[in-house]
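Visitor: Could you walk me through this one? I'd like to hear the reasoning behind each label.

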Amino acid sequence: MWCDLLKKITILGIITVIILVIILFSTFDYPAKENNDELKLIVKGDVVMPSKVSRPGCEEMDRCYVPSIIVIESGKQVTWVNEDSAFHSVTSGFYDAPSGLFDSGYLDPSEPFTFTFDESGTYDYFCTLHPWMKGQVIVE
């Protein structure tokens with residue numbers, strides 16, 4: 001009789017410990033395992049290159065760079081973000097006459113490019129891969 005009672009108490013104790021362990025692990029907040037290949041950096045841009053602008057036609061609705069004209073104060077930065085699935089660039093000047101002031105190189109999808117404008121003026125820019133893509137920064 002004592003032996004049966006001892007077995008029941010032992011089994012009940014083991015079940016109680018298992019339930020407590022399950023509750024503990026279900027409420028514990030594990031830090032997520034970081035994998036740099038899977039993490040995406042979310043960058044808010046001042047100007048974006050939206051999807052499908054690698055095809056001619058975005059210039060008809062003035063949406064190759066959105067906004068296509070941005071006004072900022074001297075000393076401020078502009079960040080462009082490529083939200084398209086194609087490569088793009090942000091290159092100062094015009095397609096047939098780059099000015100050499102800035103050039104992002106080819107931007108991968110979701111990749112940003114930032115440039116600081118220290119002097120007042122009007123700065124035209126374009127995409128070296130898609131000549132219909134044009135924009136302008138006005139620095140006051």
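**Labels and their reasons**

Guide: Let's start with a pairing: strand 3 and strand 6 run antiparallel and are joined by 6 bridges. Before we go on, this is a predicted model, where local features need pLDDT of at least 70, side-chain atom pairs count only at pLDDT 80 or more, and totals for chains, interfaces and linings use all residues. Residues are numbered from 1 along each chain as its sequence is written, and side-chain values use heavy atoms, with hydrogens and water left out.

Visitor: What makes strand 3 and strand 6 a pair?

Guide: Two strands pair if DSSP finds at least two bridges between them. Here there are 6 bridges, so the pair qualifies. One of the partnerships is V78 with F115 in strand 6.

Visitor: And what counts as a helix or a strand here?

Guide: They are DSSP runs, H or I over at least four residues for helices and E over at least two for strands, numbered from the N terminus. The chain comes to 1 helix and 8 strands, in the order α-β-β-β-β-β-β-β-β. Helix 1, for instance, covers residues 2-27.

Visitor: Why is I15 called partly exposed?

Guide: Buried means under 20% relative accessible area, exposed means over 50%, and partly exposed is in between (1.4 Å probe, protein chains only). I15 has 42% relative accessibility, so I15 counts as partly exposed.

Visitor: Which residues make the nonpolar surface patch?

Guide: I11, I15, I19 and I23, with about 360 Å². Patch residues have over 30% relative accessible area and no salt bridge; nonpolar side chains (Val, Leu, Ile, Met, Phe, Trp, Tyr) are joined within 5 Å, like charges within 9 Å. A salt bridge would be a side-chain nitrogen of Lys or Arg within 4 Å of a carboxyl oxygen of Asp or Glu. I15, at 42%, fits the area requirement.

Visitor: What makes something a nonpolar core?

Guide: A nonpolar core is a set of buried Ala, Val, Leu, Ile, Met, Phe, Trp, Tyr and Cys residues joined through side-chain atoms within 4.5 Å. The largest one has 22 residues, and Y65, W80, V90, F117 and V137 touch the most other members. Strand 6 gives the most to this core, with 3 residues. Strand 6 also has a covered face, F113, F115 and F117, and an uncovered one, P112, T114 and T116.

Visitor: Which residues does Y65 contact?

Guide: Contact means heavy atoms within 4.5 Å. Leaving aside neighbours within four places in sequence, the contacts of Y65 include V47, W80, V90, Y125 and M133.

Visitor: Why does D46 count as partly exposed?

Guide: D46 has 37% relative accessibility, so D46 gets that label. D46 lies in the loop between helix 1 and strand 1, and among the residues D46 touches beyond four places in sequence are V66, P67 and V78. The C-alpha atoms of D46 and P67 are separated by 8.1 Å, with the two residues 21 apart along the chain.

Visitor: What is the peptide bond from V66 to P67 like, cis or trans?

Guide: Cis, with omega near -5°. P67 is in the loop between strand 1 and strand 2. D62 is found in that loop too, and has a positive phi, near 55°, in a residue other than glycine.

Visitor: Why is S110 partly exposed?

Guide: S110 has a relative accessible area of 43%, so the label fits. Phi of S110 is also positive, near 75°.

Terms used
Areas by Shrake-Rupley, 256 points an atom, 1.4 Å probe, with all protein chains shown as cover.
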